[in-house]
Amino acid sequence: MPRHIKIAIGLPIMAAFVMILNETVMSVALPKLMDEFSVNASTAQWLTTGYLLTMAVVIPTSGLILQRFTTRAVFLTATSLFAAGTLLAGVAPAFAVLLVARVVQASGTALILPLLMTTIMTLVPVARRGRTMGLVSIVIAVAPAIGPTFSGLVLKSLSWRWLFLSLLPIAILAVVVGALMVRNAGEPKPVRFDVLSVLLSAVAFGGLIYGLSAIGESAAGHTPVPPAVPLVIGAAALALFVLRQMRLQRDDAALLDLRAFRTRSFVVGIIVLVFAMAALFGALILLPLYLQKVRDLSTLKTGLILLPGGLAMGLCGPVVGRLSDRFGPRPLVIPGTMIMALGLGMMSAIDSDTHFAYVIATHVLTCMGIGFAMTPLMTSALGSLDARLYSHGSAILNTLQQFAGAAGTALFITVMTKSAKSSADSGATAVEAQATGIQDAFLWGACLGLAVVAVSFLVRGGKPSVGKEPAPVH
C-alpha cells in the first residue's frame, strides 16, 4: 500500500493499542487506590464503570462525528483528549479528579476504534482488507492481555501514578506525529446534529451497560441500585432512540443510521461477534478470579498466565486476515467458533488442583478460536455495507462490543456467584465453593459457545468481491 495509507492506518493502530491497554490497567490497581484515597470498593469501582459508561455514550455518536468532521480532526481530538486525561490522572490530587481524568481518557478512546475501522474500509482495497483488519484484532486482543501484566510490573516497584505517567510520552507523541502526518480520507458532510438523539443514546446505552454491570454486583449483594431500574430505563430509551433514528434516516440525518441492519451479512456477522465477545469478556473476568481467589496467585503471576492467550489471538490476526482475503469468512468462522466452544468446555473442568499448563492451554485455545472468527467477521460485516454506511456500521459494531462485554461479564459473574453460594450452603469450603461456581460459569460459557457455532453456519462463504477504488487522501 502507498506510504500515506500506511501512515493513516498505522497511527490510529498505535494510538488504539495504548488506549485499550490503559482501559485494562485499573482492575489490578484498585486496592492501592482505595488505600490512597480512603474510598471503599464500590466507590473505587467507578474508575472502571465510569470508563465503560463514557465509552457507551460516545461510541454511538462516532458515526455522525466521522461523517461531519475530517479524519485528521477526529484523530487529533481523540489523541488530545486521551493525552490530557492521562496527564490529569497521573497528577490527580483527589479521587474525584482521577475519575474525571478517566472520563476524559474514555472520550478519546471511544473515538479511535470507529475511526480506525472506518479508515480501513475507506482507504484499503477490498482484496487487502482482511489482512489489514487483522491488525485491529492485535489491538483488541493483545492490549487487554498485556494490561494486567503491565499494571502488575509497574505496581510492584512504582507508584500507581506511573500507570499513567509511563504512557504519557506515547500519548503526546501520537498527537504530535498525527498533527504532522495524518491526512484526510474522503470529504466531510454537513450532517445535522440531533441533540435529542444524543440524549436518548446516552440514557439507552449508558443505562443498559450500567444495569448489566450491576447484575453481577447484585448477585453478591453489593449494588446501590437494583439492576432492573437502569435496565428498564435503558430499554425504554433504546426503543425511543430506534424510532427517532428510523425517522431521521429518511433525510440522512440519523445519529446512528440503522439501515445497516438491512444487510444480511452485516446482521449475521454482528450476532456472531456479539456472542463471541460476550464469551471472551466473561472468560477474561473469571480466569483472574480463579487464579487469585482459588489458586492464591499474585496479580503479576496472574497477568503472566493470561498473557499467552492474548498474544496468540493477536498474532494469528494478520495470518487469518490473509486467509480471509483469499477464501472468504465462512471457512474460518465456523472452525473458529468450534475451537472457542471447545476451549470454554475444557475450562469447565478446571478445579483447585488443575495444572497451570492446562489453564494456559485452554485459554490459548479459546482465544485462538475467537481470533479465527473475529477478523473475517469484522471484515465481511463492514464490507457488506454501502460506503456511506461505513462510519455508522463501525459505530454499531463497537457499541455492541461494549454491550457484549457487559452482558458476558454479567452472565458469568452471576452464574459463578449463585453457584458458589449454593455450594457454600451445602457445606463446601470457601475455596471449593468458588471453584465450583467458576466451573458452572464456564459450562454456561460453553453453551454460549455452541450457540455461536450454530449461528456461524449462517455466515456466507466465498471470496470478497472487488469493490470500488478507495477514497482519495488529501
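How many salt bridges does the structure hold? The structure, which is a predicted model, holds four salt bridges. Three of them are described below, after which the report turns to a helix, the aromatic rings and a surface patch.

## Salt bridges

Side chains of opposite charge can pair when their charged atoms come close. One of the salt bridges joins the side chains of Asp257 and Arg259, with N to O at 2.7 Å. Asp257 and Arg259 are both buried.

Another salt bridge is formed by Asp386 and Arg388, whose closest N and O atoms are 3.9 Å apart. Asp386 has a relative accessibility of 45%, so this residue counts as partly exposed. Arg388 counts as partly exposed too, because its relative accessibility is 43%; the partly exposed class runs between the buried limit of 20% and the exposed limit of 50%.

## Helix H17

Helix H17 covers residues 390-425, 36 residues in total. From its first C-alpha to its last, the helix reaches 52 Å, close to the 52 Å expected at 1.5 Å a residue. H17 is mostly covered, with 26 of its 36 residues buried. After H17 comes Gly427, which has a positive phi, near 110 degrees.

H17 also contains a salt bridge: Lys421 pairs with Asp425, and their closest N and O atoms are 3.4 Å apart. Lys421 and Asp425 both lie in this helix, four residues apart, or about one turn of the helix. Although H17 is mostly covered, both Lys421 and Asp425 are exposed.

## Aromatic pairs

A pair of aromatic rings is described by the distance of the centres and the angle of the planes. The count of aromatic pairs comes to seven. In one of them, Trp160 and Phe164 have ring centres 6.4 Å apart and planes at 85 degrees, so the pair is edge-to-face. Trp160 has 4% relative accessibility and therefore counts as buried. Phe164 is buried as well, with a relative accessible area of 0%.

Phe205 and Phe241 make another pair, with ring centres 5.9 Å apart. Their planes stand at 80 degrees, so this pair is also edge-to-face. The pair links distant parts of the chain: Phe205 is in helix H11 (residues 195-219) and Phe241 is in helix H12 (residues 228-248), 36 residues apart. Phe205 counts as buried because its relative accessibility is 10%, and Phe241 is buried with a relative accessible area of 2%.

## Aromatic cluster

Which residues form one aromatic cluster with Trp160 and Phe164? The other members are Phe37 and Phe95. Within this cluster, Trp160 and Phe164 are the edge-to-face pair described above.

## Nonpolar surface patch

Four residues, Leu87, Leu88, Val91 and Val100, form a nonpolar patch on the surface. Together they have about 320 Å² of accessible area.

Val100 belongs to helix H7, which spans residues 95-123. Is Val100 partly exposed or buried? Val100 has a relative accessible area of 48%, so it is partly exposed. Residues enter a patch at over 30% relative accessible area, and the 48% of Val100 meets that condition.

Terms used. Residues numbered from 1 in each chain as written. Predicted model: local features only at pLDDT ≥ 70, side-chain atom pairs only at ≥ 80, totals over all residues. Heavy atoms only, no water. Patch = residues over 30% accessible without salt bridge, like charges linked within 9 Å, V, L, I, M, F, W, Y side chains within 5 Å. Areas by Shrake-Rupley, 256 points an atom, 1.4 Å probe, with all protein chains shown as cover. Helix = DSSP H or I, 4+ residues; strand = E, 2+ residues; numbered from the N terminus. Buried < 20%, exposed > 50% of the residue type's maximum accessible area, 1.4 Å probe, protein only. Expected span 1.5 Å × (residues − 1). Phe/Tyr/Trp six-rings, centres within 6.5 Å; stacked < 30°, edge-to-face > 60°.
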